[in-house]
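Here is a short tour of a protein model, written for someone who likes to keep the structure open while reading. Please have a look at the sequence and the fold below.

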Amino acid sequence: MVDVAPDDPALVRDVAPLVRLLRPRLDAEGFAAFAAEAQAQGLVFTAAYDGAGRCLAVAGHRVLATSRGRLLFVDDLVTADAARSTGVGARLFEELRERARRHGCVRIELDSGTANHGAHRFYHARRMAVTALHFGLEI
């Protein structure tokens, strides 16, 4: 697992295409703007590569201090279509779990779209529970 720095060419080459799979309305320029602002706010992109140097999965995550305790919040977790069900997503999730422990987090939290049933199965298999509803209002 590799953390991709803001100035690393892998951010555009490897991370952006995978994040854009999950967020198709985010064009290249939008991703660059988002990544710059979010990384300045503490977002870390961790990428999983295979032996040939292909990026197979990416997680965008950050440690947050909340009234519920310190948590590792996962903004995005996405695996390349060709790498799904190969275990790379599970290994990336375990890396996030270990980082949460090292940072003194009491839990990992993330949001998942209500229609993303494949992701829900993945999270449930990792013993994650649905603990809240996330509400939104478009402005």
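E29, E37 and A40 are exposed, and they sit on the face of α2 turned away from its buried side. This is a predicted model, so please read everything here as computed from it.

On the other side of α2, the buried residues are F31, A35, A38 and Q39. Viewed down the helix axis, the buried residues of α2 fall within an arc of 95°, so they line one face. The general pattern behind this is familiar: an α-helix has 3.6 residues a turn, so residues three or four places apart point the same way. And what covers the buried residues of α2? The cover includes β1, α1, β2 and β3.

The length of α2 can be checked too. The helix covers residues 28–40, which makes 13 residues, and at 1.5 Å a residue these should span 18 Å; the end C-alpha atoms are 18 Å apart, so the two agree. After α2 comes G42, with a positive phi near 105°.

Now to the sheet. It is open, has 5 strands in the order β1-β2-β3-β4-β5, and its pairing is mixed. The edges are taken by β1 (2–4) and β5 (107–110); each has a single partner strand, so one side of each is left without a neighbour in the sheet. From one strand to the next, the twist averages 35°. As a general reminder, strands of a sheet pair through backbone hydrogen bonds, either parallel or antiparallel.

Three of the pairings are listed here, each with one position to find in your viewer.

| Strands | Sense | Bridges | Residues opposite each other |
|---|---|---|---|
| β1 and β2 | antiparallel | 3 bridges | D3 and T46 |
| β2 and β3 | antiparallel | 6 bridges | F45 and G60 |
| β3 and β4 | antiparallel | 10 bridges | V58 and V78 |

β3 runs over residues 55–66 and β4 over residues 69–79. Between β2 and β3 there is a hairpin with 5 residues between the strands, where G53 takes a positive phi near 85°.

Which strands does helix α1 lie across? Helix α1 (residues 10–22) lies across β1, β2 (44–49), β3 and β4, and runs at about 90° to β4. Both β1 and α1 thus turn up again from earlier in this report, since they are among the elements that cover the buried residues of α2.

Technical notes:
Residues are numbered from 1 along each chain as its sequence is written. This is a predicted model: local features need pLDDT of at least 70, side-chain atom pairs count only at pLDDT 80 or more; totals for chains, interfaces and linings use all residues. Side-chain values use heavy atoms; hydrogens and water are left out. Two strands pair if DSSP finds at least two bridges between them. Helices (H or I, at least four residues) and strands (E, at least two) are DSSP runs, numbered from the N terminus. Axes are lines fitted to C-alpha atoms, for helices over the stretch in contact, and angles run from 0 to 180 degrees between N-to-C directions. Contact means heavy atoms within 4.5 Å. The expected span of a helix is 1.5 Å times one less than its number of residues. Buried means under 20% relative accessible area, exposed over 50%, partly exposed in between (1.4 Å probe, protein chains only). The arc is that of the directions from the helix axis to the C-beta atoms.
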